Amino acid sequence: MSIVQRELFQLDSPLLGEIRGERSLMAFPFFALAKNAWMKPLSYSTPTVSIEVRPSARGVATIYDKEIVLYIASLMAAKIEAGMAISQDFTFTAHDLFSVTGANHSARSYSRLADALERLQGTQIRTNIEAGGEGEEGFFSWLSEARLQYARSANGEKRLKSVKVRLCDWLFRAILRDGQVLDYASTYFQLGPIERRVYEVARSTCVDGEPLDMDLQMLKLQTGFQNPLSNFRIAMRQIAAANAIPGYDIALIEDAPAAVADDAPRKAGRRSAAAKVVITRRALLTSEAADASA
């Protein structure tokens with residue numbers, strides 16, 4: 001019985017390396033920027049990239065549900081680096097997932113985990129982004145299988161032993177064949193939804209040291225922000241003022257509004273001044289500079 005039990009709950013956790021993410025999932029808005037259920041479809045379209053996301057009965061997978069995908073991608077990247085056999089199936093403990101992402105180990109966290117797994121399995125994604133040299137027609141889900149595995153104690157109490165998931169073909173190919181996997185800042189999970197997406201856009205784009213200069217409307221589209229541009233402008237002002245995006249400086253540059261005479265009639269729906277965001281990667285301190293500043 002003990003041998004069977006060990007085989008049943010053979011674990012890929014704990015995660016010993018860094019949090020990693022696949023570059024396309026960093027660059028493009030596949031997840032809802034919400035903490036609660038988001039029931040509306042999401043779409044993203046440019047001349048080269050299209051993404052359509054359909055909700056399940058519990059809504060679209062959110063940026064917080066994405067933590068599980070990042071955790072799985074990190075487990076997979078660690079196994080690849082170690083030269084271990086790779087499959088699409090991963091078994092891990094909720095305890096390790098919560099420890100890595102900074103969640104508390106309360107009953108509510110376990111309930112949220114079950115909901116998140118259901119959304120990741122139920123959300124439907126269609127995209128023309130190729131992965132591992134292959135494209136896909138039709139929809140896929142982040143997890144083709146997701147199960148919470150329990151055991152019973154001597155007194156009949158049910159206890160969660162592990163989480164077993166099967167990663168979708170698309171993301172599995174992208175990580176295994178394309179190798180476009182980037183590490184995340186250790187403070188990523190402490191960021192709010194919009195800050196997370198700004199960080200991911202910066203991390204996936206500012207790779208050669210050159211600043212990213214992006215129109216505010218384009219950055220709104222890239223982050224997947226669903227509310228009006230005026231709300232996004234306010235959010236970016238706050239983000240730029242806080243300067244709390246790890247590893248990057250954020251500057252919101254707004255054109256001065258055109259002067260209007262005091263006696264000029266006010267026009268309904270007057271367009272606000274143009275704005276752009278400049279994202280610059282902070283220079284890493286050398287050991288000598290770090291010692292000098294200590």
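Here is a chat about the predicted model shown above.

Me: How many helices and strands are there in the protein chain?
Reply: Let's start with the overall picture. The protein chain has 294 residues, and 41% of them count as buried. As for its regular pieces, the chain holds eleven strands along with helices, and the helices number ten.

Me: What share of the contacts between residues at least 6 apart in sequence join residues at least 24 apart?
Reply: Here we set aside pairs that sit under 6 places from each other, and look at contacts between residues at least 6 apart in sequence. Of those contacts in the protein chain, the share joining residues at least 24 apart is 67%.

Me: Which helix gives the most to the largest nonpolar core?
Reply: That core has 78 residues, and Phe30, Trp142, Trp170, Met236 and Ile250 have the most contacts inside it. The top helix covers residues 66-81 and puts eight residues into the core. That helix is H3.

Me: How many of the residues of H3 are buried?
Reply: H3 has 16 residues and reaches 22 Å from its first C-alpha to its last, close to the 22 Å expected. The helix is mostly covered. Its buried count is 13 of 16.

Me: Which residue with a positive phi follows H3?
Reply: Look just past the end of the helix. The residue there has a phi near 75°, and it is glycine 83.

Me: Which residues does tryptophan 142 touch, leaving out those up to four places away in sequence?
Reply: Trp142 is one of the residues with the most contacts inside the largest nonpolar core. Its partners include another residue from that short list, Phe30. The full set is Leu25, Phe30, Phe31, Ala61, Leu120, Thr123, Ile125, Arg166, Leu167, Cys168 and Trp170.

Me: Which helix gives the most to the lining of the largest pocket?
Reply: The pocket holds about 590 Å³ of space. H3, helix H4 (94-101) and helix H5 (107-122) each supply at least two residues of its lining. With seven residues, the top contributor is H5.

Me: How many of the residues lining the largest pocket are charged?
Reply: The lining has 25 residues, and Tyr64, Asp65, Glu67, Arg112 and Leu113 lie nearest the pocket's centre. Sorted by type, nine are nonpolar and seven are polar, and the charged ones number nine.

Me: Is threonine 101 buried or exposed?
Reply: Threonine 101 lies in helix H4, and it touches Glu67 and Phe189, not counting residues up to four places away in sequence. Its C-alpha is 9.2 Å from that of isoleucine 19, although the two are 82 residues apart in sequence. The cut-off for buried is under 20% relative accessible area. Threonine 101 has 9%, so it counts as buried.

Me: Why is H7 described as largely enclosed by the rest of the structure?
Reply: Helix H7 (residues 193-205) reaches 19 Å from its first C-alpha to its last, close to the 18 Å expected. Its buried residues include Ile194, Tyr199 and Ser204. H7 is largely enclosed because its buried residues number ten of 13.

Me: How far apart are the C-alpha atoms of glutamine 10 and threonine 91?
Reply: Glutamine 10 sits in the loop between helix H1 (2-8) and strand E1 (20-22). This residue is exposed, with a relative accessible area of 59%. Along the chain, glutamine 10 and threonine 91 are 81 residues apart, yet their C-alpha atoms are separated by 6.9 Å.

Me: Which peptide bond is cis, with omega near 5°?
Reply: Stay in the loop between H1 and E1, where proline 14 is found. The bond leading into that proline is the one to look at, and it runs from serine 13 to proline 14.

Me: What is the phi of asparagine 243?
Reply: Asparagine 243 is in the loop between helix H9 (229-242) and strand E10 (248-254). At 35% relative accessibility, this residue counts as partly exposed. Although asparagine 243 is not a glycine, its phi is positive, at about 50°.

Me: What is the relative accessible area of glutamate 118?
Reply: Glutamate 118 has its place in helix H5. Its C-alpha is separated by 9.0 Å from that of leucine 143, 25 residues apart along the chain. Glutamate 118 is partly exposed, and its relative accessible area is 40%.

How values were computed: Residues numbered from 1 in each chain as written. Predicted model: local features only at pLDDT ≥ 70, side-chain atom pairs only at ≥ 80, totals over all residues. Heavy atoms only, no water. Core = buried A, V, L, I, M, F, W, Y, C linked by side-chain atoms within 4.5 Å. Buried < 20%, exposed > 50% of the residue type's maximum accessible area, 1.4 Å probe, protein only. Helix = DSSP H or I, 4+ residues; strand = E, 2+ residues; numbered from the N terminus. Contact = heavy atoms within 4.5 Å. 1 Å grid on protein atoms, 1.4 Å probe; cavity = no way out; pocket = protein on both sides within 12 Å on 5 of 7 lines; lining within 4 Å. Points joined across faces, edges and corners; volume = space filled by probe spheres on them. Nonpolar A, V, L, I, M, F, W, Y, C, P; charged D, E, K, R; others polar. Expected span 1.5 Å × (residues − 1).
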